[in-house]
Amino acid sequence: MNKPRLNSLFKSVVKPLSLALVVCLSASCSNEKEALNSPQQTISLIAAPIELKVGEGFKAPVGYYESTPRFSWQMPQNSQSSAQSAYQIQVSSTPELFSTQPDLWDSSKINSTNTSWIHYQGQPLSSRQQVYWRVRLWDESDKASRWSDVQTLELGLLKNEDWQAKWIGHPDTALANQPSKDLIATPQYFRKSFTLSNKVADARLYITAKGVFKPYINGDEVSAKDVMTPGWTPYSQRIETLTYDLTDKLNLGENTIAASLAGGWYSARVADLKEPEHTLPPRLLAQLEITLIDGTKQTITTDETWKATQQGPIRFASNYDGERYDQAFEMPNWNRTKFDSSSWQNAYAQDIDNAIKLRPKRHEPIRIVDELSPIALLEHNENSVIFDFGQNMVGVPRLNIPVVANQQVKVEFAEALHKGEFYTDNYRSALSTNFYSPAKTEFIQYQPTFTFHGYRYIKLSGFDASKAPSKDWVTSLVQHSDIKLYNNFNSSHPKLNKLFSNINWGLRGNFYDIPLDCPQRDERLGWTGDANAFVTPSMYIADVYGFWSAWLESMREEQANDGMIPLYVPFITWIDWASSGWGDAATIIPWELYTMTGDETILAENYDMMKKWVDYHTSQSTNSISKMKTFGDWLQPYPKAEGKGANRGDTDFNLIGTAFYARSVELTLKAATVLQKQADIDALSALHARIKNAFRTHFFDEQLTPKKGEATQTAYLLALEFNLFNAQEKLKAQELLIALIGQADNHLRTGFLGTPLLTSVLQDAGRSDLIYQLLFKETYPSWFYSINNGATTTWERWNSYSLEDGFNPQGMNSLNHYAYGTVSRWFYEGILGIQQTLPGFKEFKVSPQFSHYLDQANGTVHTMNGEIEINWFVKADEVSINLVVPKNSAAILDLTHLQAVTVSQNGIQISNHEKLTPGEYQINGKL
Ligand code: RAM
């Protein structure tokens, strides 16, 4: 979604708008009126709500997707009040109406402590509608606040009927012409000129593609930062559309809109080398809606009057393989008005149909968010030079290099070097190479448009060897979904901080419109099992609620009629069975998002999918024992099995399947309880009891030894975390698990399924000391082992690489996989000790787990009510903690592991400190 400019909205929407009124839009002024009416009341008004957001956290979006938005706000932390007891929201089609009666919705005073996810209850908003909203609240002693600042919201095109535009493509790519694969992979260029008879009051561009596009207006990029739009959804069902405010970019007289277009995920090859199913040619769809200052409306839509060519400089583009650019094909000013397009053809145009839903993009697009300069130049010889960026990352390079006419420049990428060798085997069939063919001898500037690479090193060859390479020849442009990283954990231990950094980079590299397993090889898919491992940590680390909610919509669309959830979303024909522990994303992700945010909408939206997945589990079970296929405890270290089966670990597959069956039923039951689905609650409880019983008797003997398969750490972790033993058995199982860890010299022996459960199970067993040992292990398999071997991201395998032996030769070996970043959840829930006890952290427990490994740790947890802040220090046996409890929240101190605890606020000691109200606290105690 476009980040809007409030001023421009005001300018364009409120016509004519007097200066006095603009001034009066501020919170203080809108309360001024009340002040005049009732001076006494105004004096006692408390601070206005802040952080006004809609949906999953959008501030004043343009091109928004929900016709009944959810509203959220916060009480400022410096407010004199502690909690909200009531609120009032007003929504209006003009800001003036706030001084009389807002026309769209006035909630009136609602007694509620909820500050988030409040559903709009006026008439559903329509496409293009621009609205204004504000909120005020009453505190715990019923004192009213000032009104908030007025916030805006503008909708995108919500339904296909809003589009008059047609899908266009180059005529040679019309299906009737049977376009070859080469033609499909050759980017297309489009342009259209038009005249405006007056100045522009307001202009919006609605645009999308089957493929990926780059739009221009009068020669300028519509957005220099947005890349690979519209991103990846199940294209045969739904394509997201982008909205851009072009009000300030159009001229009286002639204008030109233009775009380039490539295959992206739509027509390029996706997944392994087999014949791609995506052989449909890319198409562009654009609708520019203009209102002139005299009120005239003019709409420019893609149709057969647009001009098209495939003779542009980007000769080839592919996500996996890279881009080929030929300077001889450059078309100076091709996207400006003064250009002769007579050699171009008229576009081929196709009506849109309703089979593919066109919907506003519901999360931030992929953007260029950062730039990295090389930290070193390596291995320079006459033919090539290697640039080291010091960080495994995802994006594209911007080259500023000397070239020689007709001497091709080659740009290659690698995640790592081993003893100087530029290693690309782990990209498998992905060529990930850019070629630039210069027509002249000069310095060129080039950055690829329609591809992306996962890399730390760039090898450049074919440049002008008469010039000495310099670091400023190449800059790396970091790209990912434009989410906000909180950068919210730090400690006294550098290697732990490095791990946190690696996990952040793992997130950055793989949150590429969808959650990718890896960003570099011929795969880059939305694997569901990986997402299960990382959804919650990612919610602690970054503002990713919108990102995950959007992906869940794709998951709902990809669910089969019988409830089956594919292994990766969006689905493409490659591996077409379902796996336990992977498809359970259908229940795990909605539930985790709900507990992290407190937003019931996420459960309501996904509840049917959850239930259908449970039904699918049932269809794959006999007498409550699952027979579903599984990838098992994927990439478990030291597997007993050999060959290909080794990847799946040693934990019995049916045990895994049945455990996840129980888990999915349990989470669906919890969702049913929140949503008050009484009939389902009864049925799901009964089903859960049956599975639990079957699990216990089928897989474990009296001594709790697994009857089938190995006694693995993961077998016990699953049973314990998913509550499948009774209280007595639980203690015994904890002992057995701890013994197994001991036999491994306090190392983990877990893969993708077991690892996410380790910390929670061990903390529950009172063994945080053991978690610290696992976490601080330096030897294989461990997190620090990867750091000791040079990791700057998290790896796919515990032993992907070693400085001594080089790369793990196994074919599947990415150095940028986020799954094992799962451990960062414990940074917040264990090290900092913040655990929610009510959804969305409205109430939370504070129980930091201290250890001799750390003298200090600090961080924040971003909640719907504001930031929980904690900073603790240990000196000898003295512990001191600074804690901030956000407004409208409560903290339960659980410091039973400390003695002589004192709690003070503003220097004054408090006697009753089990439950803390909002504020800043200083806590002291002894270990
Ligand atoms: C590989 C990837 C992915 C994993 C699947 C089972 O393709 O490692 O992360 O989920 O296998």
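Strand S43 (residues 843-846) runs parallel to strand S47 (residues 890-893), and the two pair over 4 bridges. Strands here are DSSP E runs of at least two residues, numbered from the N terminus; two of them pair if DSSP finds at least two bridges between them. This is a predicted model: local features need pLDDT of at least 70, side-chain atom pairs count only at pLDDT 80 or more, and totals for chains, interfaces and linings use all residues. Residues are numbered from 1 along each chain as its sequence is written, and side-chain values use heavy atoms, with hydrogens and water left out.

**Strand pairing**
- In the S43–S47 pair, Val 846 stands opposite Leu 893 of S47.
- S47 also pairs with strand S50 (residues 915-916), in the antiparallel sense, over 2 bridges.
- There, Ile 892 faces Lys 915 of S50.

**Ligand surroundings**
- Residues around the ligand (a heavy atom within 4 Å of it) include Arg 521, Trp 582, Phe 631, Glu 796 and His 817.
- By class, this shell holds 6 nonpolar, 1 polar and 5 charged residues.
- Nonpolar means Ala, Val, Leu, Ile, Met, Phe, Trp, Tyr, Cys and Pro; charged means Asp, Glu, Lys and Arg; the others, Gly among them, are polar.

**Ligand contacts and burial**
- The side chain of Glu 523 places an N or O atom 2.3 Å from a ligand oxygen, a polar contact being a pair of N or O atoms within 3.5 Å.
- For Asp 530, a polar side-chain atom is 2.4 Å from an oxygen of the ligand.
- For Trp 634, the distance from a side-chain N or O atom to a ligand oxygen is 3.3 Å.
- The ligand alone exposes 290 Å², and the protein buries 97% of that, by the Shrake-Rupley method with a 1.4 Å probe.

Terms used: A polar contact is a pair of N or O atoms within 3.5 Å; within protein, one must be able to donate a hydrogen and the other to accept it, and residues adjacent in sequence count only if both atoms are side-chain atoms.
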